[in-house]
Amino acid sequence: MKTLPHFIILLIFFQTHAQTNTEVYLFDLSVQDGKPVLSNPKNISNNHGYDNQPSFLDDHTLLFSSNRADQTDILQFNIEGGSTSSWITNTPTGSEYSPLKIPGKNTISAIRLDLDGLQLLYEYNLNSGESKPILPKAKVGYHVWFNSHILIATILVDKRMDLVVYNLKENTSKTVAKNVGRSLHKIPDSHLVSFISKQAEVWNIKSLNPLSGEIGTITEVPSKSEDICWLNASTILSGNGKTIVAFDANAKTSWQEVMRFGLDEINNISRMCINPSGNRLAFVAEVSPKGIVDRQVRTFNARDLFGFVSNYTEDVIVERFPNQTMYKGRQKMTEDYDRFYQNTKEASVEVVNRIQLGQTVIDEEISLVDGRKGHQVAIYEIKNGFIASMRFIFPDRETGDSEAVVQTQLEAYNNRDIDAFMDTYSEDIQLYNFPNMLLQGNRQQMQESYKAFFEKTPNLQCKIQNRIVIGNKVIDHELVTVKDGSINAVAIYEVENGKITRVTFIRD
């Protein structure tokens, strides 16, 4: 029997994985002056790949979907029993998502997505592990239990989800809303369920009485968030980047920021849940851009082909800056690095300087391949917790004056000296937005716009947070003070014959 090449085995695995790289965090929760206070943070998934959709089985047990091997199963986390985990499901022919406790039963419900594309809602017995479909014909996206026999679910219809109320005892169903979101919750101390309506341009959080079918509007969704949860009967929480925002339905004021996370690990907070006693909160956050880049360096140095390529999106773009394509796609990357490892005995990369701006990480690296030392800069763009593009800058043209020229233009900029500033630029200067979108290619227009800008901004000041010099390129992480605000950006300057010929801006 012919053995498949290593990289082909990896590709078979990755064909089923196009999810967000996320972690599940657990906190102790208290409420002070009506606002949530989180403490004792724990990453309870700590697993590369998809860990998502947490819900509390009871006060001391959390369920969530977690990636293992080539599937996603339901993991049970025992909070007080030594923080131990155990798998509830193990379905070789599919994966499970969105686990929820079924009221009044020792069972849970979860969405099962089979390898053949069949997507159904199943019931799983917590003792025996046996499962059976709850809605054999409905393609369920998300769901919430109103009681042991009334189920509210989103059903996939064409390219949208519709909200349907099922009475399992009477075997009836009724569509009550079209084009809804994934966040479904029982509203505490009420006979209502909340959902997000996407019918209008501005999404709205609405309430539904599953018994009468009556629908009411609560408020607008903050920044088109996909996820909310209820802190209590009147307060809604939602994630917004690195912050948690709250809305008081009684006061009917605007959304207010109640917590901001300075931790690098917390990014793009999404799904939240609170335990029945209201003293614990769990949410999902994407892995940090720095963390995923660190992992790809670590796995590269360990010659772990599987671990290395798992840090990249399926359609990753690899280029020589600014726009010379080297290759596209994880398949080609896997083939190339598999061949590279086979043809080298030793290979390592050391990060000697780093600039991070939002979802972009710029690393200055020293490489060592079979005794040969190299110097390069890698620009990584992160999307959904994976590296979506990697662009290399090599020291193709060594110059002795690149940094001095860029420093001169910086000083002229801060002095608002338009003549000295423009004297550092070539006649054919071009300005770009990263990676290669032309902003301005006319030197006269550039001079006029900067002159007007200098005249209108008396407190203009640019401070260099970090600088990388490689060949004829200078990469500056800049903090620019403009009137009452500031701009955080990266500028990549290219110098030829003592003049700046091209500037590429990366903005947060």
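This passage describes two helices and one loop residue in a predicted model.

Helix α7 offers a good place to start. Its 14 residues, 443-456, should span 20 Å at 1.5 Å a residue, and the end C-alpha atoms are indeed 20 Å apart, so expectation and model agree. Four residues of α7 are buried, namely R443, M446, Y450 and F454. These four cover an arc of only 60° around the axis, and therefore lie on the same side of α7. The general geometry helps here: an α-helix has 3.6 residues a turn, so residues three or four places apart point the same way. The buried residues of α7 pack against helices α5 and α6 (418-422), and also against strands β31 (425-433), β32 (437-440) and β36 (499-507). On the face turned away from this buried side, α7 carries the exposed residues E455 and K456. The N-terminal end of α7 is capped by N442, which places a side-chain oxygen 3.0 Å from the backbone nitrogen of Q444.

Helix α5, one of the packing partners of α7, comprises the 13 residues 402-414. A span of 18 Å is expected for α5 at 1.5 Å a residue; the end C-alpha atoms are 19 Å apart, which agrees. Its buried residues are S402, V405, V406, Q409, L410, A412, Y413 and N414. Just after α5, R416 adopts a positive phi of about 55°.

Elsewhere in the chain, T91 sits in the loop between β6 (84-87) and β7 (94-101). With a relative accessibility of 10%, T91 falls under the 20% cut-off and so counts as buried. Leaving aside residues up to four places away in sequence, T91 touches Q71, D73, E96 and R112.

Key: Residues numbered from 1 in each chain as written. Predicted model: local features only at pLDDT ≥ 70, side-chain atom pairs only at ≥ 80, totals over all residues. Heavy atoms only, no water. Helix = DSSP H or I, 4+ residues; strand = E, 2+ residues; numbered from the N terminus. Buried < 20%, exposed > 50% of the residue type's maximum accessible area, 1.4 Å probe, protein only. Contact = heavy atoms within 4.5 Å. Expected span 1.5 Å × (residues − 1). Arc of directions from axis to C-beta. Polar contact = N/O pair within 3.5 Å; in protein donor to acceptor, adjacent residues only side chain to side chain.
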